[in-house]
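Let's take a stroll through a protein model together. Have a look at the picture first, then read on.

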Amino acid sequence: QCLGQTWYTSVDMQMYVMLPIMFFPIMYYEKIGLIWLAFMTLVSFAIPTVINHVYQFPLGSLVIPQDKMEDFYFFLYEGPWSRFSPYLIGLFTGYIIYKTANKKVTMTMWQVVLGWVLSAGIGLLVIYGGYPYNSLDIETFAQNRVPTQAISDVYNGFNRGAWGLALMWLVLACHYGYGGLVNSFLAHPSWQPMSRLTYGMFLVSITIQSLIIGSQYSQEYYDHLTVIIITCGTLFICACGACVLSLLVEGPVLGLEKLLFTKQDKKKKDSPVNEEEVNKTHDILNVEAPVGDKLN
């Protein structure tokens, strides 16, 4: 519990271990492998949907009844079977990029526009679609905005995979030159220093947020400006913590790896070379070089 978010590193490792089962068929029987991957992707959408229906979880995590909270987090929120859909969509994305590595991919204007509209629409539905039902606001409860179980099942079962689909188009569009301003923004060099700190910020974020919340001794009244100020301050402190973590852990480990690999490269350079091959190379250089530049 010291690092509450590390449950996801465990989930990510389990999905990584399952990767050969998902991807090896494509290497030997491409068509069958793609069908298998598509089937498992559909299964990854179906599993959380069925789980949500069986346990009758409502839409969103803020309104889960206390007696269902433990089951919700174990079966639906933290279970690797409920997190697999965006991972498999990522595999499809990598496969497409791999297969078109030496090809020029062209799309018509209507295809590009349709892709961006669908991607933006899906992303906005994931973010804001559950907002009316995932609120603790008194007015919301007074209006009795309770979704049907079917809506809850679809949202809780599909939202993660749908977000993966939206990002899939963003990655492919930017990769093939159809990203426009989005690609210019995301690929700007100013993001490079921050990209080295993002994982460190992920690791220290909950601890820092807990410290900030625990240091409050009075009731807090929230509005948009207050939340923006707290968010920016938290991000800044997390970035400072990530810098310390990078200097104390990541930097020394990378330096150690560099020393080890450099040592191996040096051994390869210092290894004995076949004398006959050296003489052949020497003769070739003597023949091909100009008379005044021949090597002795």
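Here we go through a salt bridge, the cysteines and a pocket.

First, some ground rules: this is a predicted model, where local features need pLDDT of at least 70, side-chain atom pairs count only at pLDDT 80 or more, and totals for chains, interfaces and linings use all residues. Residues are numbered from 1 along each chain as its sequence is written, and side-chain values use heavy atoms, with hydrogens and water left out.

Side chains of opposite charge can pair when their charged atoms come close. For a salt bridge, a side-chain nitrogen of Lys or Arg has to sit within 4 Å of a carboxyl oxygen of Asp or Glu. That rule gives one salt bridge here. The partners are E30 and K99, with their closest N and O atoms 3.1 Å apart. The pair ties together distant parts of the chain, 69 residues apart: E30 belongs to helix α2 (residues 30–55) and K99 to helix α4 (residues 84–99). Helices are DSSP runs (H or I, at least four residues), numbered from the N terminus.

How many disulfides does the structure hold? Zero, where a disulfide means a pair of cysteine sulfur atoms within 2.5 Å. C243 is in no disulfide, as the nearest cysteine sulfur, that of C240, is 6.3 Å away. Because its relative accessibility is 35%, C243 counts as partly exposed, while C174, at 14%, counts as buried. Buried is under 20% relative accessible area, exposed is over 50%, and partly exposed is in between (1.4 Å probe, protein chains only).

Notes: Helix = DSSP H or I, 4+ residues; strand = E, 2+ residues; numbered from the N terminus.
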